[in-house]
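Subject: Handing over a structure

Hi,

I am passing a structure on to you, together with some notes on what turned up in it. Have a look first, and then read on.

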Amino acid sequence: MPCTDDRNSAGRLTVDLDALVRNYRAIAARTAPVPVAAVVKADAYGLGAAPIAAALAAAGCRHFFVAHLLEARRLKDRLPNDADLFVLNGLTPGAEAEAADLGVIPVLNTLPQVRAWTALAAERGGVLPAAIQLDSGMSRLGLAPAELDALLAEPVLLSRLDLRLVMSHLACGDAADGVASAEQLAAFLTQADRLPTAPRSLSNSAGSFLDARFHFDLVRPGLALYGAEPHEVPGRALEPVVSLQARIIQLREVPAGARIGYGYSFEAPRPMRLATIGIGYADGWPRALSNRGAAWRGEARLPIVGRVSMDSTILDISALPADALVEGDDVELIGLHQSLDAVAAAAGSITHEILTGLGPRLHRSYHGTQS
Ligand SMILES: *Cc1c(COP(=O)(O)O)cnc(C)c1O
C-alpha cells in the first residue's frame, strides 16, 4: 500500500465545510439584516484560511478579518475582488505602501498609524480606505478617548481617510450578567458619535448572540463559525465543524506497578493494556491533558495515562476487548463523543486556544462544499 500523508501524519483533522456554511447562515439569520464577516486570522483558527474563506465567500460572505499583513498577503488573491479584507493588528511602521498596494483595509489602532496612513494618502494624492478602532474599555487595541480628541483636533487627518468601519471589541461578551458589555456599548456609542458617519462593528461571536443593539452594521465572529459555542444560549444551533483522529502507533500490556511516561507520573494500579498514539503537545494536543483527558473508540472512553509527550500520548485501553485494536487503528480525539468544548474544559483552556494550537503535522481534509 502506498504511503499517504493522512496515514503518516500526527493525526487527521477533518473540516466539514457544509457545517461551516450552515453556521455562517445560522448567525446571519440571527443578526439579519446585519451581514456577518468571517474572522479568519491564525489560518482560520488552525482550520486553513484559504478553503475556509473560499467556502464562506461562495456562501456570500464579503468581509474578512485577519490579524497581520502577512496573513492578508497570503489570503488576498483567494478572495473575491469585491471582498473587504481587514487587518486587525493595525499597520506596522514602514508597511503602509505594501498594505495600500495589496488593497487591504488596515484597522488603525493608534494616532501614529493614522498619521502614517494619511501621509501615504496625501503622497498618493487621494484617500485610503481604513477602519478605526476605538478602545471602549478593554485597553488592548484602539484609540483611547484622549487620542480620539487629538485625531478630531486635526480634521485634515480624517479628510484623507475613506472610513469604511468604526469598530471596537468586547472584553466580556460571554459573561452571563452582561454588565461589562453594556458599559462598552455605551462607551462605543459615545466615542463613535464623534466620528463621521461610517459603518460600525462591535461584536465577535459572543456579541453576535447578544441582542440587536450589539450588532450595528457588521458582526465579526470567528469561533462560532467553527462550531464552538461562545456561551450558553438556549435554542442556538451551531454545528461542530472539526473532528480529530489520531493513530495508534504501539500497543502493549503492562503488569501492575508499571510506571508510565515522562516523570513516571502514573503507575499502573493493575495489569493494563495501553495504546500509544502519535499525537502530542507539538501538535497542539495539550500537555495539560496529562492523566486527565481521554480519547474515544466507539462508545469506549480511553483515559490518557501519564504525561502527554511532544509526539505521543499513552491511552489506557483496558476497557476494550483484548483484540479490539491493532496498530494503525484510529481513535477519536474531537468528534461525536468528545466535543471541542469538552477538550478545552478538560485542558483548563478555551476552545479558541485548542483550535488555533492544532499544528501543521496534522493532515487536514475538507468535506462538503468544495469537494
Ligand atoms: C479574534 C477577534 C474576533 C473574533 O473573535 P471570536 O471570539 O472568535 O468570535 C473579532 N474581533 C476582533 C477584534 C478579534 O480580535
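Please keep in mind that this is a predicted model. A good place to start is the ligand, which is surrounded by 14 residues. The closest of them are Lys 41, Tyr 45, Ser 205, Leu 223 and His 352. By type, the shell around the ligand is made up of six nonpolar, five polar and three charged residues.

Next, some polar contacts. Tyr 45 has a polar side-chain atom 2.5 Å from an oxygen atom of the ligand. For Arg 140, a polar side-chain atom lies 3.3 Å from an oxygen atom of the ligand. Arg 220 has an N or O atom of its side chain 3.0 Å from a nitrogen atom of the ligand. On its own the ligand has 390 Å² of accessible area, and the protein covers 92% of that. The space that the ligand takes is the largest pocket.

Now to the annotations. An unreviewed UniProt entry gives the feature "binding site" at Arg 140 and Met 310. These two are spread over 171 residues of sequence, and in space they are spread too, with up to 32.5 Å between C-alpha atoms. Of these residues, Arg 140 is included in the lining of the largest cavity. Along the chain, Arg 140 is placed in the loop between β6 (128-133) and α7 (145-152).

The unreviewed UniProt entry also places "domain: Alanine racemase C-terminal" at residues 241-367. Over that stretch the chain is 11% helix and 36% strand, and its end C-alpha atoms are 10 Å apart.

Best wishes

How values were computed: Residues are numbered from 1 along each chain as its sequence is written. This is a predicted model: local features need pLDDT of at least 70, side-chain atom pairs count only at pLDDT 80 or more; totals for chains, interfaces and linings use all residues. Side-chain values use heavy atoms; hydrogens and water are left out. A residue is near a molecule or strand if one of its heavy atoms lies within 4 Å of it. A polar contact is a pair of N or O atoms within 3.5 Å; within protein, one must be able to donate a hydrogen and the other to accept it, and residues adjacent in sequence count only if both atoms are side-chain atoms. Accessible areas come from the Shrake-Rupley method with a 1.4 Å probe; for residues, only the protein chains shown count as cover. On a 1 Å grid over the protein atoms alone, a cavity is a set of points where a 1.4 Å probe fits but cannot get out, and a pocket is an open set with protein on both sides within 12 Å along at least five of seven lines; lining residues have an atom within 4 Å of a point. A molecule sits in a cavity or pocket if more than half of its atoms lie within 2 Å of its grid points. Ala, Val, Leu, Ile, Met, Phe, Trp, Tyr, Cys and Pro count as nonpolar, Asp, Glu, Lys and Arg as charged, and the others, Gly among them, as polar. UniProt positions are given in the numbering used here, feature names are shortened, and annotations may be inferred rather than shown by experiment. Helices (H or I, at least four residues) and strands (E, at least two) are DSSP runs, numbered from the N terminus.
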